[in-house]
Amino acid sequence: MVVSQPSFRQARWDEPIIFELGAPGRRGHIPPRPEPEVVEAVGPIEDLLPEELVRKEPPRLPEMSEPEVVRHFVRLSQMNYCPDVGLYPLGSCTMKYNPKICDLVASTDQVRWAHPYQDERTVQGLLAILYELKKWLAEITGTHEVSLLPAAGAHGEFLGCLIIRAYHKRKGQLVERREMIVPDSAHGTNPASAAMAGFKVITIPSGPDGCVDVEALKAAVSKRTAGLMLTNPNTLGIFESKIKEIAEIIHDAGGLLYYDGANLNAILGKSRPGDMGFDIVHINIHKTFGTPHGGGGPGSGPIGVVEELEPFLPVPRIEYDGERYCLNWDKPLAVAKIRAFLGNVAVLVRAYAYILALGPEGLKEAAEVSVLNSNYLLKKLASLEGIEVPYGPDRPRKHEFVVSLKPLERSTGVRALNVAKRLLDHGYHAPTIYFPPIVDEAFMVEPTESFGVEDLDGFAEAMRAILEEARAEPEKVLKAPYNTAVGRVDEVRASHPKTMVLSWRMLKEREGLSRA
Amino acid sequence: MWCRVLRLTPAHPYIPNSAESSKRKLVDFLGISDPEELYSDVPEVVKLDRPLEVLGPLPEQEILKRIKEKLSSVKTALDMPVFLGAGCWPHYVPAVVDFILARTEFYTSYTPYQPEISQGMLQALWEYQSMVCELTGMEVTNCSMYDWASALGEAARMAVRITGRKRVLVPKIIHPERLEVLKAYTEPAGITVEQVPYEPETGQMDLEALKARMGSDVAAVYVENPSYLGFIETRVKAIGEIAHDRGALYVVGVDPISLGILEAPGNYGADIVVGEGQPLGNHMNFGGPLLGILACRAERRFIWQMPGRIIGLTVDSEGRKAFCMALQAREQHIRRERASSNICTNEALCAVAAAVYLALLGPKGLRELCETIIYRSHYAMKRLNELPGVKAPLFKAPHFKEFVVNYNGTGLTAKAIHEGLLKAGIHGGKLLAGEFPELGQSALYCITELHTKEDIDRLAEALRGLLER
């Protein structure tokens, strides 16, 4: 049987490592020299900086002309897939379209060149944007007050956990309340953040419907419970319908309910974590509010809290007295800061523009279409041989869904990883794989609202072709990918103590070359 | 605008399937009549029964107009000389850096979970790691933390995991926000942070005081070089020896720009280096995003305790050079509550900026940049110190780009001088009274390659004018 072959080809530059480029004496940028009068006034630099402080050898940086630097990084960029070229359905990452107007406004000089310690009177407009944004985020999440400080979702989780700590400490219960409950389907950051904040993580199993097992939760709560960290819809893309009951169980036990905002996109304008009973909510700006993911960051992870927790938010608070915006540093119960300054402002300004572009109707539309796209694609994939839908297959999913490739693996030996790699050959980024851990051979797919029905059909068709290929020529799929910048990467070698090379310096040492 | 259009054709420009014809296909295929049916499992009691109260939707040109109007009153370093630093510094960003960062392949992609299709980002980040290693004299760098402060917090936790000890010694002269963040990161782990006093004349860490605090329970000794207040710690080698003598790790915090001329911490005994990478090709952006640097020696006990993503060089199935994320078994998505850190999303794009920046400047450019900064900052100190009652720098020590200006002899408060300068169209340094009351009426000034002689002369003349009033 002949299986249709993908036509996608990624650039393959065989680009040298940057240290192998350039030539001695080449310059890519020349900084200004001091004015002669300045040099004359202060004397030779040797007198300003004692010799023993000066480095003996210059850093071994590349010596390249400007066009070489440009070509090198442009070539590298061509070997990097991105959502501006096609579907990037990484589940839980919300790889939606990043509107260009948002980048434009964030690139203005008033944003780029503002210093965080400038006198408030000189930065009123920036404070106004941040103030309005935090009000909108509070409205969208149904919380009372928002801190824009955290740099990422996990950073927001850490701050949220510190607030849970401070809350129990204030009540004199920190000593006993040491347990943070986390479902087994939670994002890895939840237990990691709780542990960083000093909590003992109690993992509870999901029920047969993929949701929080209420009986297991009841059995887990006690006077040691500090809180529960939950995302809703959960990582299977299923809405936790018993959320009110869950909230009651936690609150009755004296704990707080933490909302992991990774999946907020599904419910924008439809339902609010605050109304579900969550006390602390983080927002992944780079997911839900369309800011670029930057190849891994920067993101931004503001948190919203209910009124009772407002005193614990870190300072400074951006406030408005009806005339002027100011920074209030005087909040005695505030928890410590978790990073310097006010937050990832360049990201937040983009989110401000994004909300303006969508408005209340647009945000709701984004949620609805993300859910429509997800269910459409799920139905298409569910009909393919080799795929099964775990946990309540008839229940609607939200913005993402998880299927299992276990049947395919059983019949062909081809695993989710192999299918993921073969998808790359078809010009698609792979979904998140092997997550959540409660699904075997998991394929976690989040198409987002940014792709059209024809993109979804194309992806489903690629999946159909790959599954067919897996049955006809499993070897072909097992050795994928073929059309990417490099073939299958040896990840074991990258992490093995004997072969690990984490820098040019390590490479040179490995090669036994001089360190001079 | 779109609101009105909505009733005719409910399609939003960012949402292809919001077009009626497309939505119809989805709805029909799913056999439902209304997308709302997909929310049937959301209990009514938690459904929002009103529109969100946020502004919009606005046509694109209105968004631009609204934001431009808001920002029109903002005055930045482009409108007036601004002498602020303190952890976020004004440096020139070469046009090439912004050009490369605007490559959509870099900025819209995410963490390179699929290395075969993400080689560009992986190689760029590995090159960033490599260049930071060259600058700092370390062998391993992760591909970014949120900022210097959080990198310090993580470094302290890392040192505690490596040594099994729970005390961390830091200088008394440290950025107050950085100290606060360090405490936020360490307090839940039962780590105590203690500050080592400084010598009042020079600002240098008091070595006797350090020795007195040392013990076999100290996990790490931390110094900043240059210090928060701009002077250079001249006895960094001795401090490292004191730490190592008692089996503690030596952690050094740096402004990486300074390493174009200052000795690499790896050459004076540092085990872990942290710092703020923002000056390397990243705009200030009102304080964020920043770029946390975290580097260490290539020892197994160090590497496996590192937080964050690390990129490794390896090969593909045909033996070609290839890159991927290494040592993921340390990370939260694998190890969950036992992970070395909870960090996931980081500041990767800022790291790419740093790589492009360092490649452009090269060793010569970076050295020349440092020299220009040193000449200009010393010129500024000299000019200000000539003014009656003004002392600059306050500390008798070598300085890099920042320095404390003390106004005690002028009869004016630092706040009054700040107000006076602002009226003259100059933004003075950061006021230090709240942070270091023992320094009296003082401010922390920052001079970089962006501050010309003319700017500095203007500052000196304006200050003279205030003093003579």
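This passage walks through the domains, the chain-to-chain contact, the nonpolar core and a few strands of a predicted model.

Start with how the two chains are divided up. Chain A is assigned two domains, with domain 1 covering 18-78 and domain 2 covering 122-356. Taken over C-alpha atoms, the centres of these two domains of chain A sit 44 Å apart. For chain B the assignment lists domain 1 (2-64), domain 2 (95-357) and domain 3 (363-468). Here, the C-alpha centres of domain 1 and domain 2 of chain B are separated by 45 Å.

The chains also touch each other. Chain B puts 170 residues into the contact, and chain A puts in 182 residues. On the chain B side, the largest share comes from helix α13 (residues 348-385), which supplies 25 residues. Sorting the residues on that side of chain B by character gives 90 nonpolar, 42 polar and 38 charged.

Next comes the inside of the model. As a rule of thumb, nonpolar side chains tend to be buried together in soluble globular proteins. The largest nonpolar core in this model holds 340 residues, and the members that touch the most others are Leu125(B), Ala159(B), Ala220(B), Val352(B) and Val356(B). Helix α13(B) turns up again here, giving this core its largest share with 24 residues. For a feel of what one of these members touches, take Ala159(B): leaving out residues up to four places away in sequence, its contacts are Val168(B), Ala219(B), Ala220(B), Leu249(B), Val251(B) and Ile272(B).

Over in chain A, strand β2 (residues 179-183) is a nice case of a strand tucked inside. Of its 5 residues, 5 are buried, so β2(A) is largely enclosed by the rest of the structure. Both of its faces are covered, with Glu179(A), Ile181(A) and Pro183(A) buried on one side, and Met180(A) and Val182(A) buried on the other. Strand β2(A) runs parallel to strand β3 (residues 200-204) of chain A, and 5 bridges join the two. One of these bridges pairs Pro183(A) with Ile204(A) in β3(A). To get from β2(A) to β3(A), the chain passes through helix α8 (residues 189-196) of chain A, making a right-handed β-α-β crossover. Strand β2(A) is also joined to strand β4 (residues 225-230) of chain A, again in parallel, by 3 bridges. In that pairing, Met180(A) has Gly227(A) of β4(A) as its bridge partner.

A second set of strands in chain A is arranged in another way. Three strands make an open sheet in the order β10-β12-β11, and the pairing is antiparallel. Strands β10 (401-404) and β11 (432-433) of chain A stand at the edges with a single partner strand each, so one side of each has no neighbour in the sheet. Strand β11(A) pairs with β12 (residues 442-445) of chain A through 2 bridges, in the antiparallel sense. Ile433(A), for instance, has Phe443(A) in β12(A) as its bridge partner.

Finally, there is a residue in a loop. Pro51(B) lies between α2 (20-30) and α3 (60-71) of chain B. Is Pro51(B) buried or exposed? A residue counts as exposed if 12 or fewer other C-beta atoms lie within 10 Å of its own. Pro51(B) has 12 C-beta neighbours inside 10 Å, so this proline counts as exposed. Pro51(B) and Ile63(B) are 12 residues apart along the chain, and their C-alpha atoms are separated by 20 Å.

Key. Residues are numbered from 1 along each chain as its sequence is written. Chains are lettered from A and ligands numbered from 1 in the order in which they are written. This is a predicted model: local features need pLDDT of at least 70, side-chain atom pairs count only at pLDDT 80 or more; totals for chains, interfaces and linings use all residues. Two strands pair if DSSP finds at least two bridges between them. Helices (H or I, at least four residues) and strands (E, at least two) are DSSP runs, numbered from the N terminus. Domain bounds come from an automatic or database domain assignment. Two residues are in contact if their C-beta atoms, placed from the backbone, lie within 7 Å. Ala, Val, Leu, Ile, Met, Phe, Trp, Tyr, Cys and Pro count as nonpolar, Asp, Glu, Lys and Arg as charged, and the others, Gly among them, as polar. A nonpolar core is a set of buried Ala, Val, Leu, Ile, Met, Phe, Trp, Tyr and Cys residues joined through C-beta atoms within 7 Å. A residue is buried if 20 or more other C-beta atoms lie within 10 Å of its own, exposed if 12 or fewer, and partly exposed in between; C-beta atoms are placed from the backbone. A crossover is right-handed if, with the strands pointing away from the viewer, the path from the first strand over the helix to the second runs clockwise.
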